[in-house]
Amino acid sequence: MSPAVAEFVGTAVLILLGDGVVANVVLTDTKGHNSGWMVITTAWALAVFVGVVIAGPASGAHLSPAVTVGLAVAGKFAWALVPKYIAAQFAGGFVGAVLVWVLYKDHFDRTSEAGLKLAVFCTGPAIRNHPLNLLNEIIGTAVLVLTVFYIAGAEITSTHTPVGLGSVGALPVALVVWVIGLGLGGTTGYALNPARDLAPRLAHAVLPIRGKGTSEWGYAWIPVVGPLLGAILAAVLYGQLG
């Protein structure tokens with residue numbers, strides 16, 4: 001695969017499995033209905049594992065605009081490649097979300113609460129407090145990206161693995177995402193990734209989902225701006241601390 005195709009496929013699978021577990025837990029009459037937060041956080045971590053395994057060899061498995069921007073700010077990734085990576089990530093996120101809707105369509109139709117349908121696609125705060133919601137996304141993403149900096153030793157050359165989550169290793173990065181979800185995810189749902197939130201939110205807005213309600217665009221900027229700021233913060237900290 002080319003790097004762009006790898007980012008597209010890896011992100012699509014990430015969202016397929018990640019949004020898929022939320023659908024399994026919150027939608028009506030699924031096998032996993034009401035199975036809880038531990039199931040969601042565990043499956044999201046494993047979804048990252050699968051995405052990294054798929055995309056890692058070809059692209060480094062960024063799977064997130066926040067990771068891509070953070071690596072570029074830190075001088076570990078070429079700025080010229082940033083637009084291509086981000087476009088592929090958003091496209092993959094959208095396709096993955098559409099697939100979740102197709103596979104769970106009967107359960108979407110049986111679910112009456114619009115908020116649960118939206119929760120399958122994107123994050124939302126447990127308590128709406130935009131400054132704290134934003135701070136939570138910043139700190140959570142900073143922890144993730146800073147970990148990548150301290151574990152990753154790869155670089156983009158003809159003989160080295162591309163820099164990204166893949167250079168951390170699929171299992172270690174999955175464990176980092178898991179603990180962030182368990183430790184910090186209770187406030188906002190821990191987006192950590194603009195492509196994980198904005199692309200599926202757009203899918204929610206355009207898909208013909210019965211009784212779907214609003215896509216909550218008033219909140220949508222937080223899981224985009226927060227992760228980007230968190231990644232930049234991690235890059236600055238890494239540059240200062242070494």
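# A tour of the predicted model

Start by selecting Gly 18, which is buried, with a relative accessible area of 0%. This is a predicted model. Gly 18 sits in helix H1. Leaving aside residues up to four places away in sequence, Gly 18 touches Trp 44 and Ala 47. Now add Gly 96 to the selection. Gly 18 and Gly 96 are 78 residues apart in sequence, and their C-alpha atoms are 9.2 Å apart in space.

**Whole chain**

Zoom out and colour by secondary structure. The chain has 11 helices and zero strands, so the order of elements from the N terminus is α-α-α-α-α-α-α-α-α-α-α. The radius of gyration is 17 Å, close to the 18 Å that the globule rule gives for 242 residues, so the chain is as compact as a globular protein of that length. Along the principal axes, the C-alpha atoms fill a box of roughly 50 × 40 × 30 Å.

Colouring by accessibility shows buried residues making up 51% of the 242 residues. The chain exposes about 9,900 Å², and carbon and sulfur atoms supply 70% of that area. If you draw a contact map, take the contacts between residues at least 6 apart in sequence: 78% of them join residues at least 24 apart.

**Helix H4**

Select residues 82–103, which form helix H4. Does the length of H4 fit its 22 residues, or not? At 1.5 Å a residue the helix should span 32 Å, and its end C-alpha atoms are 32 Å apart, which agrees.

Next, show the buried residues of H4: Val 82, Tyr 85, Ala 88, Gln 89, Gly 92, Gly 93, Gly 96, Ala 97, Val 100 and Trp 101. Gly 96, from the first stop, is one of them. What do these buried residues pack against? Their partners are helix H1 (3–26), helix H2 (37–59), helix H3 (65–73), helix H5 (105–110), helix H6 (114–121) and helix H10 (194–206).

**Nonpolar cores**

Select Trp 44, Phe 108, Val 120 and Phe 121. Of the 38 residues in the largest nonpolar core, these four touch the most other members. H1, H2, H4, H6 and helix H9 (170–188) each supply at least two residues of this core. H1 gives the most, with eight residues. In soluble globular proteins, nonpolar side chains tend to be buried together.

Centre on Val 120 and show its surroundings. Not counting residues up to four places away in sequence, Val 120 touches Asp 19, Val 22, Ala 23, Val 26, Leu 27, Val 100 and Phe 108. A second, separate core has 14 residues, among them Val 67, Ala 72, Ala 231 and Ala 235.

**Salt bridges**

The structure holds six salt bridges. Begin with Asp 19, already met as a contact of Val 120. The side chains of Asp 19 and Arg 196 meet in a salt bridge, at 3.5 Å from N to O. This pair links distant parts of the chain, with Arg 196 in helix H10 and Asp 19 in helix H1, 177 residues apart. Are the two partners buried or exposed? Arg 196 counts as buried at 7% relative accessibility, and Asp 19 counts as buried at 0%.

Move to Lys 105 and Asp 109, whose side chains meet in a salt bridge at 2.9 Å, N to O. Both residues lie in helix H5, four residues apart, about one turn of the helix. An α-helix has 3.6 residues a turn, so residues three or four places apart point the same way. Lys 105 counts as partly exposed at 32% relative accessibility, and Asp 109 counts as partly exposed at 22%. Add Arg 210 to the selection: Lys 105, Asp 109 and Arg 210 are linked in a network of salt bridges.

Then select Glu 216 and Arg 128, where the salt bridge is 3.1 Å from N to O. Glu 216 is in the loop between H10 and helix H11 (222–241), and Arg 128 is in the loop between H6 and H7, 88 residues apart. Glu 216 is partly exposed, with a relative accessible area of 28%.

**Last stop: Asn 136**

Finish on Asn 136, in helix H7 (residues 130–151). Asn 136 counts as buried at 15% relative accessibility. Apart from residues up to four places away in sequence, Asn 136 touches Leu 184, Thr 187 and Thr 188.

How values were computed
Residues numbered from 1 in each chain as written. Predicted model: local features only at pLDDT ≥ 70, side-chain atom pairs only at ≥ 80, totals over all residues. Heavy atoms only, no water. Buried < 20%, exposed > 50% of the residue type's maximum accessible area, 1.4 Å probe, protein only. Contact = heavy atoms within 4.5 Å. Expected span 1.5 Å × (residues − 1). Core = buried A, V, L, I, M, F, W, Y, C linked by side-chain atoms within 4.5 Å. Rg over C-alpha atoms; globule rule 2.2 N^0.38 Å. Areas by Shrake-Rupley, 256 points an atom, 1.4 Å probe, with all protein chains shown as cover. Salt bridge = Lys/Arg side-chain N within 4 Å of Asp/Glu carboxyl O.
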